[in-house]
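Subject: The structure we spoke about

Hello,

Here is the structure I promised to hand over, so please open it and keep it beside you while you read. My notes on what I found follow directly below.

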Amino acid sequence: ESFLTHAGYAALIVFGFLEACCIPISSEITFGFAGVLAFEGHLSLVLVIIIGSAAELAGSYVSYAVGRIGGRPTVERIGKYFLITRKDIQRAERFFAGRGVWAVAVGRALPVVRAFVSIVAGLIEVPAVQFGIFSLIGTVVWATVFSVIGYELGSAWQTVNHYVSIGGYAIIALVVLAIAALVAYRLREVRKE
């Protein structure tokens, strides 16, 4: 919040780009607080959505390139170190095959998976132009929703952010437990394969 307050659009570009590159930065807070700054008159809500979406699109192309250049052989070769099996790759390909490129737009508008959709799209070789169009659609929806929420909350942001943070700690604890269970399950699957 401090970086956004002092650096404005530059901070929005940095945070949006890094989050789309799979760096764990909360885009909910980034766009929400940018919306609050727009409410306070420090930023323009329209520019927050446009600049933030452009930064996230650029970052999603970086993730896309990692999946595209690294490709399936790389994922299969080193996937076991990241607990990725051939079945996982096939499952991701079926997900995209069944839904087409709209899976990119939907995935970019969903929490948690939004950053990783780009890698999978590159991995299964979604055409770059289609990827960009559908990634932008999902990203604009995401940026608009959270920026408008921040704008509407306005001066109540600190109170809401406090309760979201408390809920966040509970969610983090649940996520850590879920990850531990998932890792144990995935280790078993990798050993089987």
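Let me begin with one tyrosine: Y61 has a relative accessibility of 30%, which lies between the 20% and 50% cut-offs, and therefore counts as partly exposed. Please keep in mind throughout that this is a predicted model.

The ring of Y61 is paired with that of F131, and because the two centres are 5.3 Å apart and the planes stand at 80°, the pair is edge-to-face. Y61 belongs to helix 4 (residues 45–78) and F131 to helix 8 (residues 128–153), so that the pair links distant parts of the chain, 70 residues apart. Whereas Y61 is partly exposed, F131 has a relative accessible area of 0% and is therefore buried. Ring pairs also bring in Y64, which together with Y61 and F131 makes up a cluster.

From this cluster you can move on to S118, which is found in helix 7 (residues 117–123). Is S118 buried or exposed? Its relative accessibility is 0%, so S118 counts as buried. If we leave aside residues up to four places away in sequence, S118 touches S60, S63, Y64, R108 and F131, and two of these names, Y64 and F131, you have already met in the ring cluster.

In the loop between helix 7 and helix 8 you will find E125, which, with a relative accessibility of 51%, counts as exposed. What is worth a careful look here is its backbone, since most residues other than glycine have a negative phi. E125 is not a glycine, and yet its phi is positive, at about 60°. A positive phi, of about 75°, is also taken by C22, just after helix 2.

Helix 2 itself (residues 9–20) has twelve residues, and the distance from its first C-alpha to its last is 16 Å, close to the 16 Å expected at 1.5 Å a residue. Which of its residues are buried? They are A11, L12, G16, E19 and A20, and when you look down the axis of helix 2 these buried residues fall within an arc of 145°, so they line one face of the helix. As a general reminder, an α-helix has 3.6 residues a turn, so residues three or four places apart point the same way.

Now let us return to the rings, for the structure holds seven aromatic pairs. One of them joins F3 and F15, whose ring centres are 5.4 Å apart and whose planes stand at 80°, so this pair, too, is edge-to-face. Because F3 lies in helix 1 (residues 2–7) and F15 in helix 2, the pair ties together parts that are twelve residues apart in sequence. F3 has a relative accessible area of 39% and is therefore partly exposed.

Finally, here is the chain as a whole. Its secondary structure comes to nine helices and zero strands, and of its 193 residues, 36% are buried. Among contacts between residues at least 6 apart in sequence, 78% join residues at least 24 apart. The chain exposes about 10,700 Å², of which carbon and sulfur atoms supply 72%.

With best wishes

Terms used:
Residues are numbered from 1 along each chain as its sequence is written. This is a predicted model: local features need pLDDT of at least 70, side-chain atom pairs count only at pLDDT 80 or more; totals for chains, interfaces and linings use all residues. Side-chain values use heavy atoms; hydrogens and water are left out. Helices (H or I, at least four residues) and strands (E, at least two) are DSSP runs, numbered from the N terminus. The expected span of a helix is 1.5 Å times one less than its number of residues. Buried means under 20% relative accessible area, exposed over 50%, partly exposed in between (1.4 Å probe, protein chains only). The arc is that of the directions from the helix axis to the C-beta atoms. Rings of Phe, Tyr and Trp (its six-membered ring) pair if their centres lie within 6.5 Å; planes under 30 degrees apart count as stacked, over 60 as edge-to-face and the rest as tilted. Contact means heavy atoms within 4.5 Å. Accessible areas come from the Shrake-Rupley method with a 1.4 Å probe; for residues, only the protein chains shown count as cover.
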